[in-house]
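Visitor: Please take a close look at the salt bridges in this model. Which side chains pair, and where do they sit?

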Amino acid sequence: MSEGETAESWNASAQVVPFPVSSQRAAPQVSFHRDELRIILNLYGRMVAEGEWRDYTMDFTREKAVFSIHRRTSERPLYRIEKDPRLARRQGAYAVIAETGRILKRGHDLAQVLRVLEKPLRVV
């Protein structure tokens, strides 16, 4: 307040922003559960050890959760693992999407969907 203002004149010009009521609560974000993250990070760790992948990002929105895999930090994602609960009863909540946007695999079981990213075993 400046010297000429009184408390009454200052309060009259202030705008009050109401605190959101619980009924106006936003929809919760979709996220990966602990078991889902364990499956994804096990695959990610194996591919990092082989030198294929180097970085990842995770995005959580109200519609879906996305785990993006990068070959290098500055590049676009090589693969995206998406969880979309709206598709759970139809095509399956999980999908693996290539850099070009092509859906490589979609299904209800995350471990089965991620098999598309695993390299086949070879005889040494």
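Guide: What follows goes through the salt bridges pair by pair. The model is predicted, and the count of salt bridges in this predicted structure comes to 5. Side chains of opposite charge can pair when their charged atoms come close.

One of the pairs is K83 with E36, whose side chains meet at 3.1 Å from N to O. K83 belongs to strand 3 (residues 79–83) and E36 to helix 2 (residues 34–49), so this salt bridge ties together parts that lie 47 residues apart in sequence. Both ends fall under the 20% cut-off for buried residues: K83 has a relative accessible area of 9%, and E36 is buried with a value of 9% as well.

Helix 2 also takes part in another pair, through R46. R46 forms a salt bridge with E118, and their closest N and O atoms are 2.9 Å apart. Because E118 lies in the segment after helix 3 (110–114), the R46 pair ties together parts that are 72 residues apart in sequence. Here R46 is partly exposed at 39% relative accessibility, and E118 is partly exposed at 37%.

A further salt bridge joins E82 and R80, with an N to O distance of 3.1 Å. E82 is buried, its relative accessible area being 10%, whereas R80 is partly exposed at 26%. This pair does not stand alone: K64, R80 and E82 are linked in a network of salt bridges.

Methods
Residues are numbered from 1 along each chain as its sequence is written. This is a predicted model: local features need pLDDT of at least 70, side-chain atom pairs count only at pLDDT 80 or more; totals for chains, interfaces and linings use all residues. Side-chain values use heavy atoms; hydrogens and water are left out. A salt bridge is a side-chain nitrogen of Lys or Arg within 4 Å of a carboxyl oxygen of Asp or Glu. Helices (H or I, at least four residues) and strands (E, at least two) are DSSP runs, numbered from the N terminus. Buried means under 20% relative accessible area, exposed over 50%, partly exposed in between (1.4 Å probe, protein chains only).
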